Amino acid sequence: MSWLPTLVQACYFLAALLFILGLKRMSSPRTARGGIVWAGVGMLVAVLATFALPDMQNRGLILAAVLIGVAAAWWSGRRVAMTAMPQMVALYNGMGGGAAAGIGAAELVAHVQRATVAVPDTYPLRPENWVTEALHQVPAVAPLSPVALGLGVLGALIGAVSFSGSLVAFAKLQGWMDRRFVFPGQRVVNLLVLLLAVVHGVMLAAGHLELPVILAFFVLSLLFGLLMTLPIGGADMPVVISLYNAFTGLAVAFEGYVLGNEAMIIAGMVVGAAGTLLTQLMAKAMNRSLGNVLFGSFGAAAGGAAQEIAGAQKPIEAADAAVMMAYAERVAIVPGYGMAVAQAQHKVWEFAKLLIERGVKVKFAIHPVAGRMPGHMNVLLAEAGVPYDLIEDMDDINPEFPNTDVVLVIGANDVVNPMAKTDPTSPIYGMPILDVAAAKHVIVVKRGKGTGFAGIENALFYADNTRMLYGDGQAAAGQLVSELKALDS
Amino acid sequence: MIDGFVALYIFMLAAFTGHEIIARVPVILHTPLMSGSNFVHGIVLVGAMIALGHASTPFEIGLGFVAVLLGAGNAAGGYVVTERMLEMFKPSAGKPGDKA
């Protein structure tokens, strides 16, 4: 059976190759759908090969855990609505981080030095006795090299932070946790917790492999992930999820080194690098540094003088709005999270198709961070069947707004707020926006007069060329469709 | 076990590969790609299986079992979500070209 390990290695090699090719295919709209299948085949090959590894025990348990995990995730991933995709990505990413931390924990526990170092009585966390008992029955394991130990601890730290942080992100996007959690001295506390976690990690890496230290290390790491994510507002969650995605990739790569598994190293590192770059692209699209997202506590300064805007919001009826667009030459539609919440993408596309039939040039303008994730709107519009050559990025469409007759803003707010350009005291000052105010007319579909997700007033709503069409996105789009049809009959 | 410097080379080259793959991606694909890379680090499942396969004490077995559960969730969930997102990318009839 000496060929078996070689075969398993060959399978891992194939898996790594398929992952890279799959990701490459996913980076172009034409080949993207095939890309995930390639990567999926790679995953299947790697998992089957692992079952075939010769020195594996607990095969029954492994199979049971794999089946339960796959079934639960498959079922939840199938039935969830498209609008809930961002938090599902956060959830599954957190699971990956947790798995990496679990591997690190299992490795560390397996290498606990027995009977060499006694735990001092003064140490606050005493190990559970049954664990210590159980350890004495185990034959000695070959010690880890210092590099493997260090990377294993680092991977466990990153994985644990990604785990608890992603779960908080999931809870926030799911609406289970509305408020940002802020208290005085928060940054100092967070820093202290991180410092303590690192100190315990260094102790472990230096060879002080004792159960209480391991336990404290993981508790502190998980706590840091929790504390770090709590103060971050929902609007910044996409960047945070992307960051934790990169974290999990790194954790997987480091634990892969500890286990001597090249497929894990390559896949983890590719994701770590790709995720880091993607995070930077997202933060850049919001014109904010990553540090600002993580530690800025969005809106903390906005508590002072409330921004007063002169003028009033001017309402419009659906019939008038439909007429305006029916006889326009160029119409741009700007969707935002409100469209996603109202599930209005199908109605919006139906309306756009009617306009196109009348000879109106319709385009969809997508801000890089519209919705809860970059590309979130693209996914929803694609679901509704909008061909992607009608969808324009911010940089492409901004110069076209002055020649656009009507802009229909549906459920977007902060990404079209001109105060990002004009008001240096605004929390979103400096963020690039869709310059819709330059168009001849703007119609904003909005549920009520409240402020947007970030809680910031929007001067666009008070502009002279802006009319407000109040109502739920789905209902408003439906009215527009029926009014437009009524025009022709 | 991989030699220290060979591992370092693997780390470096893999990092460049990941960077290159993302460097010129249209915004339209950011979410699916994040989801896709989320699926790819589901390879952690393989590591969790190895950890559970080598576990001997009840505590280690418990840890390994949870790790495999979570890893399987990451892999399966990541695949389903990414596939559902990408299913919706239908190229329009007129212009099949890529759009950046």
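The following exercises, each with a worked solution, concern the predicted two-chain model shown above.

In this predicted model, local features need pLDDT of at least 70 and side-chain atom pairs count only at pLDDT 80 or more, while totals for chains, interfaces and linings use all residues. Residues are numbered from 1 along each chain as its sequence is written, chains are lettered from A and ligands numbered from 1 in the order in which they are written, and side-chain values use heavy atoms, with hydrogens and water left out.

**Exercise 1. Chain B as a whole**

Task: State how many helices and strands chain B holds, and what share of its residues is buried.

Solution.
- Step 1. Helices (H or I, at least four residues) and strands (E, at least two) are DSSP runs, numbered from the N terminus. Chain B has 4 helices and 0 strands, in the order α-α-α-α from the N terminus on.
- Step 2. Buried means under 20% relative accessible area, exposed over 50%, and partly exposed in between (1.4 Å probe, protein chains only). Of the 100 residues of chain B, 61% are buried.
- Step 3. Accessible areas come from the Shrake-Rupley method with a 1.4 Å probe; for residues, only the protein chains shown count as cover. Chain B exposes about 3600 Å², and carbon and sulfur atoms supply 70% of this area.
- Step 4. A contact means heavy atoms within 4.5 Å. Among the contacts in chain B with a separation of 6 or more, 68% come from residues 24 or more positions apart.

**Exercise 2. Two helices of chain A**

Task: Determine which residues of helix H12 of chain A are buried, and describe the burial of helix H15 of chain A.

Solution.
- Step 1. Helix H12 spans residues 318-326, and its buried residues are A:Ala318, A:Ala321, A:Ala322, A:Met325 and A:Ala326. These residues lie on the same side of H12(A), because they cover an arc of only 130° around the axis. The arc is that of the directions from the helix axis to the C-beta atoms.
- Step 2. The partners against which the buried residues of H12(A) pack include strand E1 (330-335), helix H14 (345-357) and helix H18 (473-488) of chain A.
- Step 3. In helix H15 (residues 376-384) of chain A, 8 of the 9 residues are buried, so this helix is largely enclosed by the rest of the structure. Among them are A:His376, A:Asn378 and A:Leu381.
- Step 4. Just after H15(A), A:Gly385 takes a positive phi of about 100°.

**Exercise 3. Aromatic rings**

Task: Describe the geometry of the aromatic pair of A:Tyr257 and B:Phe11, and explain why it joins two chains.

Solution.
- Step 1. Rings of Phe, Tyr and Trp (its six-membered ring) pair if their centres lie within 6.5 Å; planes under 30 degrees apart count as stacked, over 60 as edge-to-face and the rest as tilted. The structure holds 8 aromatic pairs over all chains.
- Step 2. A:Tyr257 and B:Phe11 stand 6.4 Å centre to centre with 35° between the planes, and the pair is tilted.
- Step 3. A:Tyr257 belongs to helix H9 (residues 237-259) of chain A and B:Phe11 to helix H1 (residues 4-23) of chain B, so the pair joins two chains.
- Step 4. A:Tyr257 is buried, with a relative accessible area of 5%, and B:Phe11 is buried as well, with 10%.
- Step 5. A:Trp74, B:Phe39 and B:Tyr79 form one aromatic cluster.

**Exercise 4. Salt bridges**

Task: Locate the salt bridges of B:Glu83 with A:Arg78, of A:Glu350 with A:Lys347 and of A:Glu392 with A:Lys363.

Solution.
- Step 1. A salt bridge is a side-chain nitrogen of Lys or Arg within 4 Å of a carboxyl oxygen of Asp or Glu. By this rule there are 7 salt bridges over all chains.
- Step 2. B:Glu83 and A:Arg78 meet at 3.0 Å, N to O. B:Glu83 lies in helix H4 (residues 58-87) of chain B and A:Arg78 in helix H3 (residues 59-79) of chain A, so this pair joins two chains.
- Step 3. A:Glu350 and A:Lys347 meet at 3.4 Å, N to O. Both lie in helix H14 of chain A, 3 residues apart, about one turn of the helix.
- Step 4. A:Glu392 and A:Lys363 meet at 3.7 Å, N to O. A:Glu392 is in strand E3 (residues 391-393) and A:Lys363 in strand E2 (residues 361-366) of chain A, so the pair ties together parts that are 29 residues apart in sequence. A:Glu392 is buried at 12% relative accessibility, whereas A:Lys363 is partly exposed at 26%.
- Step 5. Salt bridges that share partners join A:Lys347, A:Glu350 and A:Lys485 into one network.
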